[in-house]
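Here are some friendly notes to read alongside the model, written for someone meeting it for the first time. Take them one point at a time and keep the view open as you go.

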Amino acid sequence: MTSEIIVEAAAVSKRFGTRLAVDHLSLEIPAGVCFGLLGPNGAGKTTTLRMIYGVTRPSSGTIRVFGIDIARDPRAVRSRLGVTLQQNVLIEALSPEENLRVFGRYHLLREPELSRRVNQLLDFLELRSHERLPVRQLSGGFQRRLAIALSLMNQPELLILDEPTTGLDPAVRLALWSRVRDLTATGTTVLLTTHYMDEAQRLCDRVAIISGGKVIDEGAPAALIATHLAPETVELDCTPEEEPILLGGLALPLRRRLRVGRRVMIYLQDASSLVEQIRHRDQGDRREMVIRPANLEDVFLALTGTSLEGGQ
Ligand SMILES: Nc1ncnc2c1ncn2[C@@H]1O[C@H](COP(=O)(O)OP(=O)(O)O)[C@@H](O)[C@H]1O
Ligand SMILES: [Mg+2]
């Protein structure tokens, strides 16, 4: 069961006119994991998802979901998956409960199963306190939770979430992450997109880093960090002229050094002795230094030379 592949994309490309939005993308998503497509705006994440759930046709390449070729039999696939789009699709004049009922009937659920499922989802996504208010009066966080509840109505084996937490406040994001974990713990496979490094790192079992329509690497977050960088980072403010004085010829196994403007990041196994050596060379100057764990933002920077948030 655990070795079952739920989504298999093989050399998938999508061209819009002269623009190659997705470029020979290959992926394998095993059953029961939370899999993240991590990349900045315009990387091709939404287009990739749309091809996986069968509303956009690849220009070339093949996609199998549950072992079924999506181009050949999209209906057989769609009944087994749930999708939450980047933009919520809700009936604004109706309450969360009514939205859920409408969607349940669309999935051909009848009483008493319909009410049972609606109540389960109102509880699961903590929508009870506002279950009877019209959707247009609800906060962004409530609307997002309702959109996710709708995509769970048919008890999908694969749940697809396009930027589930973009624009939400931290407490709502944490609550949603916990719901996603509940789903994968009970065997649902989750495929999500995000441009948030922390979301990819804390929520996803595996991540494909996407830039310019290409998968530039793929793996478990910790493994990606170990492969490209090292567990610890020392971050300091230092001009290119100061760099050889502070960091030249250090007797330490540095894995990598990256610069963004005046900021230099040094990746290594153990940061403490490096900090001591820099302090020693930097006599009198109480330079700000930050020691932190290396993260997927660093990996993205190491692989592409730009930051996820758009070159800042
Ligand atoms: N329907 C479309 N027509 C033309 N270009 C598109 C269309 N959809 C997406 N694109 C382009 O494809 C690229 C990838 O877009 P998208 O998949 O939405 O990226 P992401 O979701 O990672 O932000 C972008 O340059 C976007 O402008
Ligand atoms: Mg998108």
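**Notes on the ligand sites, the strands and a few single residues**

1. A good place to begin is ligand 1, where an oxygen atom sits 2.8 Å from an N or O atom in the side chain of T46. Please bear in mind throughout that this is a predicted model. With the protein in place, 62% of the 570 Å² of accessible area that ligand 1 has on its own is covered.

2. Two other contacts to ligand 1 deserve a look. R19 brings a polar side-chain atom to 2.9 Å from an oxygen atom of ligand 1. G42 uses its backbone instead: one of its backbone N or O atoms lies 2.7 Å from an oxygen atom of ligand 1.

3. Which elements give two or more residues to the shell around ligand 1? They are strand 2 (19-30) and helix 1. Helix 1 provides the largest share, with 3 residues. If you would like to select the surroundings yourself, the residues around ligand 1 are F16, R19, A21, P40, N41, G42, A43, G44, K45, T46 and T47.

4. T46 turns up again at the magnesium ion (ligand 2), whose protein donors are OG1 of T46 and OE1 of Q86, lying 2.0 to 2.4 Å from the ion. T46 belongs to helix 1 (residues 45-52), while Q86 is in the loop between strand 6 (81-84) and helix 3 (96-106), so this pair ties together parts that are 40 residues apart in sequence.

5. Are these two donors buried or exposed, or something in between? T46 has a relative accessible area of 27%, so it counts as partly exposed. Q86 is partly exposed as well, because its relative accessibility is 36%.

6. Now step back to the whole chain. The protein chain is divided into domain 1 (5-220) and domain 2 (230-293). Between the C-alpha centres of domain 1 and domain 2 there are 40 Å.

7. For the strand pairing, start from strand 11 (residues 232-237). Strand 11 runs antiparallel to strand 13 (residues 263-268), and 6 bridges join them. Strand 11 also pairs with strand 14 (residues 289-293), again in the antiparallel sense, over 5 bridges. In strand 14, M289 is the residue that stands opposite L236.

8. E235 is a helpful residue to click on in strand 11. Its bridge partner in strand 13 is M265. The side chain of E235 also makes a polar contact of 2.7 Å with the side chain of R263. With a relative accessible area of 15%, E235 is under the 20% limit and therefore buried.

9. Where does T184 lie? It is found in helix 6 (residues 170-185). T184 is buried, because its relative accessibility is 17%. A polar atom of the T184 side chain lies 3.1 Å from the backbone oxygen of R181.

10. Last, have a look at A71, in the loop between strand 5 (68-69) and helix 2 (74-78). A71 has a relative accessible area of 40%, so it is partly exposed. V55 is 16 residues from A71 along the chain, and the C-alpha atoms of the two are separated by 9.6 Å.

Terms used: Residues are numbered from 1 along each chain as its sequence is written. Chains are lettered from A and ligands numbered from 1 in the order in which they are written. This is a predicted model: local features need pLDDT of at least 70, side-chain atom pairs count only at pLDDT 80 or more; totals for chains, interfaces and linings use all residues. Side-chain values use heavy atoms; hydrogens and water are left out. Domain bounds come from an automatic or database domain assignment. Two strands pair if DSSP finds at least two bridges between them. Helices (H or I, at least four residues) and strands (E, at least two) are DSSP runs, numbered from the N terminus. Donors are N, O and S atoms within 2.8 Å of the metal (3.2 Å for Na, K and Ca); water is not among the atoms, so sites may look incomplete. Buried means under 20% relative accessible area, exposed over 50%, partly exposed in between (1.4 Å probe, protein chains only). A residue is near a molecule or strand if one of its heavy atoms lies within 4 Å of it. A polar contact is a pair of N or O atoms within 3.5 Å; within protein, one must be able to donate a hydrogen and the other to accept it, and residues adjacent in sequence count only if both atoms are side-chain atoms. Accessible areas come from the Shrake-Rupley method with a 1.4 Å probe; for residues, only the protein chains shown count as cover.
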